[in-house]
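Here are my notes for when you have the model open. I've kept them as numbered points so you can click through residue by residue.

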Amino acid sequence: MPAARPYPWPLPPEDHASSPYTGWTRAHWEAVADGLLAAVRPYASPGRGLILLPGKHSSSGERSDGLEGYARTFLLAALRVAGAGGDDPHGLLEHYADGLAAGTRTPGRDDAESWPRQAECGQAWVEAASVALGLRLTKRWLWDRLGDGVRERTADWLSAALGEPPVNNNWWLFPLTVGGFLTEAGVRAEAARAAIRRGLGRIEQWYAGDGWYTDGPERSFDHYNGWALHLYPMLHAHLSGDQALLSRHGDRLRSFLDGYARLFGADGAPLHQGRSLTYRFAAAAALWAGALTGHSPLSTGTTRRIASGSLRYFLDRGAAADGGLLSRGWHGPYEPIVQRYSGTASPYWASKAFVGLLLPPDHPEWTAPERPAPAETTDAVTALPGPGWLVQSTAADGLVRVHNHGSHGQVLPPDHDDPLYARLAYSTRTGPTDPGAARPDNHFGLLAEDAGGAERWTRRGPITPLGSGPGWAASAHRPLTGDKELPGVTVTAVTLARGATEVRIHRVSGAAPGTAVRQSGWAADADVISELRPVHGFGAAAAHVAAGSTAYAGQTRMPVLTGSVEDGGGPLFICLARLTGEPDPEPLAADVRVTGDEVRIAWPGGPRQRVVIREDGVSVTEEPPGSG
């Protein structure tokens, strides 16, 4: 681990008796919350209606970004005060009450204080949820003490976010969250209850099982599962005391956390996959929600260990190095991670990580000793059928890898691969290469002509999961050239894993004889080792090539294998792969034998597996010792 950077605020001494893994306690969380809130205060407008942080504005514009700065930091302030039972020595609620009055006085006006309306600014739907949740958490200390005029104006502004949102994904939970507060406040109650019903009904359509939701109608599995699709319904159920809703969604949260907790490395890093990664330690929000509501499968002390580890991971690496302001990036600023919608205050969605402060100080999750995260206990390979992922972790280096056979995210421009969703694998120690990279990492492609006649490597099209089981997962896709599928061609992919070793199998159907193929491995810096070893269908040993920058390193390298489709088409391309943080690992090895469409794998010191890949699907079975 790199040396921790100096923190921009004073912190309590570390307590390794109660927190043997991270050294951090509730007092550290409170100190970080106080420091983050103090750092943004100088950027508030004179009336405190907007908090406009320095930097390039989002596609929604300056006033939207200023509202985002107010709303997201208000949520952090609300969690801090509510967690302290209303104690507010820093005058946080007075500050945000002033902003509430100023922002709602003339909404829609282009001035230094006024909030944009939802009808003119889609982002205002998002921020309405943070404002509403903050008001709900602090209702007796803030809302109930506001003047009638401010309450009426605020209710009017919030009510505009009770209808159908302009984006068909987790945005349906913003009206639900607004509706939850307005129902409790006794304002626009009928419309508010209808918004709650619509939100819950919509995400029901996207439930994929095992605790996982798609973020919208496409197969977009990412961190929005935790920090939105579970968090908002569970907080609403908890705050409203709706036991039936809490039970239904709590059971799903429990199932989700059973797999999700495996996606954090021993160093605290969450999985680097999906959009909005600049929200960083918001990845811990669902873990705290499970502890808060009593719907966590984790041993007492494990939630705090993972969550504190995640918070420390980012702060130790400079996430708030610029005067205590969270930057847009991963460790520090990193422009390729920023989406068009990301404003200067977007990183403060990370405020959701502080849901843990709603647990009282004497709650066992705060007082019991930390227990190890799943990635620290033993080597494990776990199939998550909901998202179609295979999670591979190793205790020696605390590294987590996810093999992606189910999430393909959003459609990007024709010339761009989708590095955040379409890669074959992701990890907690490497990031994907940038969109449009000449050599995308963890990618299997064919060389084909695009619509203009130029030869390009194909992109991974929408993924169809083909199943998973102990130690394996499989999928199929139609390769893309530009925005068109390669006619008649299907690529079937199977990943098997044991320890740190992977067997990657690709079957190409329908490609012309002589078509070139390319398999790339992990794009890594010098802190980890990335390997590919050809087994079947590829030519010479892997070449190690420059892969460009990632969120982890300015320069990375990755192994690349090449081959070509044989006469008659339909060959198998097989290689061994490994990403490891061990400095001197054993040689990469597994005995792999191919007979037609059958592949037999004998793991060193472990089981034998038989893989059959045909047009109608994939089967993987474990064979008794000595067979084959």
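**Notes on the model**

1. Let's start with helix 5, whose buried residues are Val150, Thr154, Ala155, Trp157, Leu158 and Ser159. Bear in mind throughout that this is a predicted model. Those buried residues pack against helix 2, helix 3 (92–103), helix 4 and helix 6 (173–185). The geometry of helix 5 (residues 148–159) checks out too: its 12 residues should span 16 Å at 1.5 Å a residue, and the end C-alpha atoms are 16 Å apart, which agrees.

2. Next, one of those packing partners, helix 4 (residues 123–137). Helix 4 runs 22 Å from first C-alpha to last over 15 residues, close to the 21 Å expected at 1.5 Å a residue. How many of its residues are buried? The count is 15 of the 15, so helix 4 is largely enclosed by the rest of the structure.

3. Now the nonpolar cores. The largest one has 139 residues, and Leu158 and Phe354 are those with the most contacts inside it. Helix 2 (residues 62–83) is the top contributor to this core, giving 11 residues. You've already met Leu158 among the buried residues of helix 5. There is also a second, separate core of 19 residues, with Leu572, Leu588, Val611 and Val620 among its members.

4. Phe354 deserves a click of its own. Leaving out residues up to four places away in sequence, Phe354 touches Trp29, Val32, Ala33, Leu36, Leu76, Leu79, Phe281 and Leu311.

5. His403 sits in strand 5 (residues 399–404). Is His403 buried or exposed? With a relative accessibility of 0%, His403 counts as buried. Its side chain makes a polar contact of 2.7 Å with the side chain of Gln392, which might be a pair to look at when you set up protonation. Beyond four places in sequence, the residues touching His403 are Gly388, Trp389, Leu390, Gln392, Leu424, Ala425, Thr495, Glu502 and Trp522.

6. For a contrast, try Arg371, in the loop between helix 12 (364–367) and helix 13 (374–377). Arg371 is partly exposed, at 42% relative accessible area. Not counting residues up to four places away in sequence, Arg371 touches Tyr21, Ser299, Thr300, Gly301, Thr302 and Arg305. If you want a sense of scale, Arg371 and Pro534 lie 163 residues apart in sequence and 40 Å apart in space, C-alpha to C-alpha.

7. Cysteines: the structure holds zero disulfides. Two of the cysteines to look at are Cys121, buried with a relative accessible area of 7%, and Cys575, which counts as buried at 0%.

8. Finally, the whole chain. Its secondary structure comes to 13 helices and 23 strands. The C-alpha atoms fill a box of roughly 80 × 60 × 45 Å along the principal axes. For 628 residues, a compact globule would have a radius of gyration near 25 Å, and the chain has 25 Å, which agrees. Of those 628 residues, 61% count as buried. As for contacts with a separation of 6 or more, 65% come from residues 24 or more positions apart.

Terms used: Residues numbered from 1 in each chain as written. Predicted model: local features only at pLDDT ≥ 70, side-chain atom pairs only at ≥ 80, totals over all residues. Heavy atoms only, no water. Disulfide = S-S within 2.5 Å. Buried < 20%, exposed > 50% of the residue type's maximum accessible area, 1.4 Å probe, protein only. Helix = DSSP H or I, 4+ residues; strand = E, 2+ residues; numbered from the N terminus. Expected span 1.5 Å × (residues − 1). Core = buried A, V, L, I, M, F, W, Y, C linked by side-chain atoms within 4.5 Å. Contact = heavy atoms within 4.5 Å. Polar contact = N/O pair within 3.5 Å; in protein donor to acceptor, adjacent residues only side chain to side chain. Rg over C-alpha atoms; globule rule 2.2 N^0.38 Å.
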